[in-house]
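Me: I would like a close look at one part of this model, the open sheet and what packs on it. Please start with the chain as a whole.

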Amino acid sequence: MLLVTLDTTRADRLGCYGFGLAGTDAIDQLAAEGVRASRALASAPVTAPSHASMLTGLHPPAHGVRDNGVHRLADEVETLPEVLGRAGYATAAFVSAAVLQRRYNLSQGFETYDDDLWSEDAPAMFFIRERPGARTVDRAVAWLEEWGEESERPPFFAWVHLFDAHQPHTPEPRDRLLAPTPYDAELRGVDRQVGRLRAALEALGVLEDTIVIVTADHGESLGEHGERTHAVFVYESTIRVPLIVRYPRGLGAPRVYDPPIRHVDLAPTLYAMLGVEGGPVTQGRDLSEALAGRTPGPALEAYSESLVSQIGFGMAPLHALRDPRYTYIRAPRRELYDRASDPGEVTDLAASEAVRADALDAALEALLTESLALAPEASEAPLDDETLEQLRALGYVGDAATSAALAGMDPKDGLVIHENVQRVRELIRNGRCERAAPLLDEVLAATPTNLTALSLSALCLDRRGLHEEARATYLRALELAPAEPRLHLALALSELGGGASDQIDDAERHLRAALEASPDFVEAWVALGLVSVARGDMDGAEPSFARALAIDPDFPRGIAAAADLSFRRGDFAAALAGYRRALEVRPDAFEVLNQAAAAARRLGEREAALGYLDRAETVRPDSFIPPYNRACLFALEGDRAAALAALQVAVERGMPSPADILADPDLRAFAADPDFLRLAAMAPRSEER
Ligand SMILES: [Zn+2]
């Protein structure tokens, strides 16, 4: 079985769903040969919750993953790969975005979980780290080919997630020329990757034996209802998704399936199609007979939610229930739409059809109650009392009146706030923190409990060097969300940057709080190790780095931090091995290249050291650091001419602080050399490094 999830893909932008300008031939072909669900519905317009529903057959309140980056899927929830793995399937996943990395535990049950995103270029600020679909599919195809070479091939379940249609849109030029918008151009590229997966199955001779499912985690608003992208609202533009199941052997002749089908129905339907017994309780329905045309499809009600406004912005959550004709949205100002006459969901009937709205609200309430009864223990642990007391002592006791007022704010009314926050992000990305500040004040005046605005505000203050104000703002945010691990980490890093011993103590407290809430938070483990390093406690640092690397062996900062620790301890062989490993993941890491050179030099590996410095210089040709390190190496070898020449280059590139040059023990041999002293005197005195 092959499950392909296309991030951010609206059904109505694919050719097989009627979009005339689409270039989605591969997907269209799968649809033409399989069952195309004309009305498939996602559980949430947010990547992690939506995928968690596909893999578990549970609504988000039942599986507990309500937002990206916040919740970890509980171990006790049973997933498709766990059940299929027990049934003897080989299981593998290939994901393309950081919000699906293994720390969120959607990886549970997969033998192979390829979330290696660290070797990709760092994303622009506030964008999600991602891997281009072509590279994800390279890995998936390689895995399939390896599977194909096994002598007794077990059945397989592979999940491939392609993120390209998500913002930012950077399509290939050939697609841009042919598509009406950059978004559609990205879909052309995604479609090509779907075609490659199909070709791989054909080449292995197993296409007809394979259930191929193509769907999307959510759509994209493209400006409908005033929303530019997705995540806040739960209208059709983001909840209606494509769903194609190609398996002629089991489903018979190609057809269009018109009754509603929900992502929670996938797991029970697939268990039935695969003949796998002992699947867990789900909230979905086995639609295998209906998809095969042997029974009529039931008129199911579909639940969807978004808690993004609540978790990120302090507003009300949105819950939707769709019956085959009406859409009901529970909100401070509830909404009801008759999609038969109003497919765009623009004419609100909640007031004129209050009885119908009441009935749907009651059904929604029953579904929420059922879901919460199935929910595992919350995956977020509260902070200890001491920390809460500390926050209260600082005067950040929650203002109940404000919170209550804001908790009632309808996300529909909050659109201008979302737009302003988006503008703030763009300003910060462009280094304009001063200009972001008044806009943030405006947002916070309207929504004082807006966690996103508070943390952006703290970030701006930190960047402007206003550390006390930044700290106070982080604490204000933590008063609202005492367990939010990212806030704890951000505050800890700010404190660690200060370097005073009480700040280091404070940093440790917040890192421990972050890890209590989120035990697999690798960034926090690395920062905790750096706390020990800052205290000179090298032995104390080691287990923290080891823990980070046990969770994510490819985390580049973790690998480099562990290597730095070996370097500090004088174990240059271990340090160099670590730097080499870090460079496998990120070959162009400038600091790591210089550190690798330093370790190699101390091991007497002269040529290797010079090689790393050459590579570092290629990455940053304007930097004084590689030539300076070269000068040190030549000086230690006693090569006066080469050392002076390299030092001259370093000085010309703005090597600051002659005092540092004179004090460097590596250059001691030249302490009295007049040419050397003349060069050192040329170095600018007070430039930033
Ligand atoms: Zn998504």
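Among contacts in the chain between residues at least 6 apart in sequence, what percentage join residues at least 24 apart? Then take me through the sheet.

Reply: The figure is 61%, counted among contacts between residues at least 6 apart. Keep in mind that this is a predicted model. The chain has 31 helices and 15 strands. Its C-alpha atoms fill a box of roughly 95 × 65 × 45 Å along the principal axes. The radius of gyration is 28 Å; a compact globule of 689 residues would have one near 26 Å, which agrees. Of those 689 residues, 50% count as buried.

Now the sheet. It is open and built from eight strands. The order is β5-β4-β6-β1-β7-β9-β2-β10, with mixed pairing. β5 (112-114) and β10 (255-257) stand at the edges. Each has a single partner strand, so one side of each is left without a neighbour in the sheet. From one strand to the next, the twist averages 10°.

Look next at β1 and β6. Strand β1 covers residues 2-6, and strand β6 covers residues 156-162. The two run parallel and are joined by five bridges. In this pair, L3 stands opposite W159 of β6.

Helix α7 (residues 182-203) packs on the sheet here. The helix touches β1, β6 and β7. Its direction makes about 175° with that of β1.

Helix α1 is another element to inspect. It spans residues 25-33 and lies across β2 (35-37), β7 (212-216) and β9 (243-246). Helix α1 runs at about 60° to β9. Strand β7 thus appears in both lists: α7 touches it, and α1 lies across it.

Conventions: Residues numbered from 1 in each chain as written. Predicted model: local features only at pLDDT ≥ 70, side-chain atom pairs only at ≥ 80, totals over all residues. Helix = DSSP H or I, 4+ residues; strand = E, 2+ residues; numbered from the N terminus. Rg over C-alpha atoms; globule rule 2.2 N^0.38 Å. Buried ≥ 20, exposed ≤ 12 C-beta atoms within 10 Å, placed from the backbone. Contact = placed C-beta atoms within 7 Å. Pairing = 2+ DSSP bridges. Axes fitted to C-alpha atoms, helices over the stretch in contact; angles between N-to-C directions.
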